[in-house]
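Q: Please take a close look at one part of this model, namely the sheets of one chain, and describe how their strands are arranged.

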Amino acid sequence: MAHPVVSTSAPAADQPQSGLALGRLARRPESGSFLGLVAVLLFFGVFGGSGFLSAAGTASWLNIASEIGIIALPIGLLMIAGELDISVGAVIPAASLTAAIVSGHYGLPDWLGITAALGLGLAVGFLNGLFVTRTTIPSLIITIGTMFGTMGLTLGLTVKIAGSTGVSLVPGPIVKEIFGDYLGGMFQVTILWWVVFVVGLFWLLHISPIGNWIYALGGDKESARNAGIPTKRLTIGLFMLSGFSAAFVGVSEVMVYQSAQVLAGQSFIFNSIMCVVIGGVLLTGGFGSIVGIVFGTLTFSIVNQGIYFTSLDPNVGSVIIGALLLIAVLTNDTFRQMALSYSSKKGGQS
Amino acid sequence: MNDKPAILELRNVNKSFGPIDVLHDISLRVRAGEVLCLLGDNGAGKSTLIKTLAGVHKPTSGEILMDGQSVTFVGPSDAQGRGIATVHQFGGTFPLMSIGRSFFVGVEPTKGWGPFKIYDRKRANEIAVKAVRDFGITRIDDGDRLVGGLSGGERQSLAIARAVHFGARVLILDEPTAALGVKQASHVLRIVNEAKRRGLAVVFITHQVMHAMAVGDHFAVLIRGAIAADFRKGERTREEITDLMAGGETMADLEAQVDGYMETHAGHPPSLPALEAPAAH
């Protein structure tokens with residue numbers, strides 16, 4: 001505050017470029033999560049031994065990461081836009097069962113089951129978005145509501161139609177190859193799909209102009225609306241994206257495991273939120289990055305699976321994840337503070 | 001003095017919400033290259049007046065004219081489209097976004113074609129930094145800096161520069177110097193002068209008389225929804241304006257009251273309810 005705003009000297013060309021490096025680094029939301037990822041990789045690389053570093057070991061956490069990752073990405077975008085989506089936990093099994101009932105129970109073509117499942121995800125997302133934009137109820141509450149609604153309908157309809165809480169599906173060879181195959185016998189093809197999601201959403205958030213709208217929406221909804229951003233359409237679109245992604249994971253799961261269970265997917269709710277927060281996304285919106293979410297997902301999955309390669313009690317894994325979450329939030333806050341204050345100091349010196 | 005026609009004019013505007021009359025018979029005019037200061041204490045109807053000017057509220061009766069033509073604003077975006085920009089305290093700037101991104105929210109410059117249009121970060125940063133620097137804020141040189149890292153005065157200046165860049169003709173500044181330090185406030189006032197020099201019509205809402213007198217050409221004091229005084233630069237002293245804003249109770253009266261109280265109460269200053277006088281800021 002003490003520094004003069006208006007100075008007559010200091011043209012842009014005179015700025016010391018080297019001094020900006022730290023400030024630029026701190027401005028990146030993924031800086032903290034990158035350090036976390038390196039730390040857990042080193043830790044399990046040392047204590048997990050050759051088992052963790054082997055192809056099978058890598059596959060074990062990459063497979064987990066890919067499924068959580070596909071869901072964490074849109075959850076992260078929603079969080080950057082200032083919203084939460086809990087309903088993904090119910091959409092995953094609902095989509096699995098929809099595909100299994102349509103294509104397995106009724107024996108209709110696989111593509112019809114897949115379309116119905118993805119459509120279901122989009123529909124739940126649309127409903128979430130509609131409720132969020134039409135009411136003043138926080139999205140946390142709304143999506144808890146739609147989660148229970150979806151869960152109840154899934155259970156009720158499945159029992160009514162199929163007579164049990166599990167339905168099996170044997171996909172055709174092509175569908176199996178696209179959604180449920182193992183590469184090299186151990187790497188789920190879902191990993192490749194995750195890469196597709198990462199590239200697509202990276203483009204959306206960081207390269208296309210819509211990314212700017214998402215940040216603005218999470219930063220200050222009122223100002224975003226005043227600036228002419230279609231905030232309602234954007235919010236609904238983001239919820240549909242997360243519904244779609246959850247349904248996609250549901251479809252992948254049923255193709256991989258060839259059966260669908262009513263009570264699958266609950267763990268995804270907290271796990272995806274944790275990946276996003278570890279990845280440096282601000283819980284209250286306006287700050288975060290796709291790369292950060294990917295780092296967060298990898299970190300989470302490595303701890304989740306790596307623990308089995310160490311001599312530690314597997315329950316310690318949960319403790320580590322809990323601690324990691326707190327450390328991540330603290331470091332991310334520190335980095336954000338650095339990003340905010342660093343430039344002012346630099347400006348004052350020049 | 002300034003015979004140019006008014007860009008924006010209110011004629012006998014009344015506004016009531018149900019049975020409550022908020023604005024009474026307001027007539028105002030702002031010309032290009034002129035700063036109209038709207039002074040008033042809290043609750044005097046300033047924000048209702050701003051919202052009426054910005055197209056949020058429609059007058060219950062009376063007329064709004066732009067360039068001499070009677071207009072009806074359909075909504076805030078209609079008013080914006082006609083060149084009326086309202087800058088609220090820090091409004092339109094996003095603390096965790098870069099200067100370039102924040103500047104172009106909603107109107108992002110793109111390159112490429114069709115669905116592959118990409119956000120042109122370099123151009124956005126260049127234009128944003130140039131726009132702010134043209135207003136004399138030369139300390140801003142890096143469009144990637146986060147808005148939250150700027151000082152209050154710089155943020156306010158960024159918001160004003162943004163409004164001007166996107167074609168504002170009438171700039172409504174809602175308490176732009178409130179909550180700013182003395183130095184920061186003086187920089188914002190310099191920006192106001194620069195906007196005036198560029199021929200914008202500025203409506204400057206404040207309750208800080210000093211700030212108003214530093215930039216104002218024309219003053220209107222609002223008390224309980226009506227214009228209590230309307231005068232030009234140099235026609236009133238600072239004390240007179242402050243007294244007007246306090247609702248006719250002069251500061252001298254207030255001081256006498258406090259002194260009298262202290263004499264009879266062993267030197268203790270009165271508590272607020274005991275004083276029963278509107279506090280002038």
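A: The following account describes the sheets of chain B and then turns briefly to chain A. The model is a predicted one, and the description should be read in that light.

As general background, the strands of a sheet pair through backbone hydrogen bonds, in either a parallel or an antiparallel manner.

One open sheet of chain B is formed by four strands, whose order is β2-β1-β4-β5. The pairing in this sheet is antiparallel. Its edges are occupied by β2 (20-31) and β5 (69-71) of chain B, each of which pairs on one side only. From one strand to the next, the twist averages 25°.

Within this sheet, the pairing of β1 with β4 may be examined in detail. Strand β1 of chain B comprises residues 6-17, and strand β4 of chain B comprises residues 61-66. These two strands run antiparallel and are joined by five bridges. At the level of single residues, Glu9(B) stands opposite Leu65(B), which belongs to β4(B).

Another open sheet of chain B contains six strands, in the order β6-β9-β10-β3-β11-β12. Here the pairing is mixed. The edge strands are β6 (84-87) and β12 (226-232) of chain B, and each of them pairs on one side only. On average, neighbouring strands of this sheet are turned by 15° against each other, with direction ignored.

A parallel pair is found in this six-stranded sheet. Strand β3 (residues 35-40) of chain B runs parallel to strand β11 (residues 218-223) of chain B, and five bridges join the two. Leu38(B) has Ala220(B), in β11(B), as its bridge partner.

A helix accompanies these strands. Helix α6 of chain B, residues 182-197, lies across β3, β9 (170-174) and β10 (201-206) of chain B. Its direction is at about 155° to that of β10(B).

For context, chain A may be considered as a whole. Chain A has 15 helices and four strands. Along the principal axes, its C-alpha atoms fill a box of roughly 80 × 55 × 35 Å. A compact globule with 350 residues would have a radius of gyration near 20 Å; the value for chain A is 22 Å, which agrees. Of the 350 residues of chain A, 52% count as buried. Among contacts in chain A between residues at least 6 apart in sequence, 79% join residues at least 24 apart.

Notes: Residues numbered from 1 in each chain as written. Chains lettered and ligands numbered in written order. Predicted model: local features only at pLDDT ≥ 70, side-chain atom pairs only at ≥ 80, totals over all residues. Pairing = 2+ DSSP bridges. Axes fitted to C-alpha atoms, helices over the stretch in contact; angles between N-to-C directions. Contact = placed C-beta atoms within 7 Å. Rg over C-alpha atoms; globule rule 2.2 N^0.38 Å. Buried ≥ 20, exposed ≤ 12 C-beta atoms within 10 Å, placed from the backbone.
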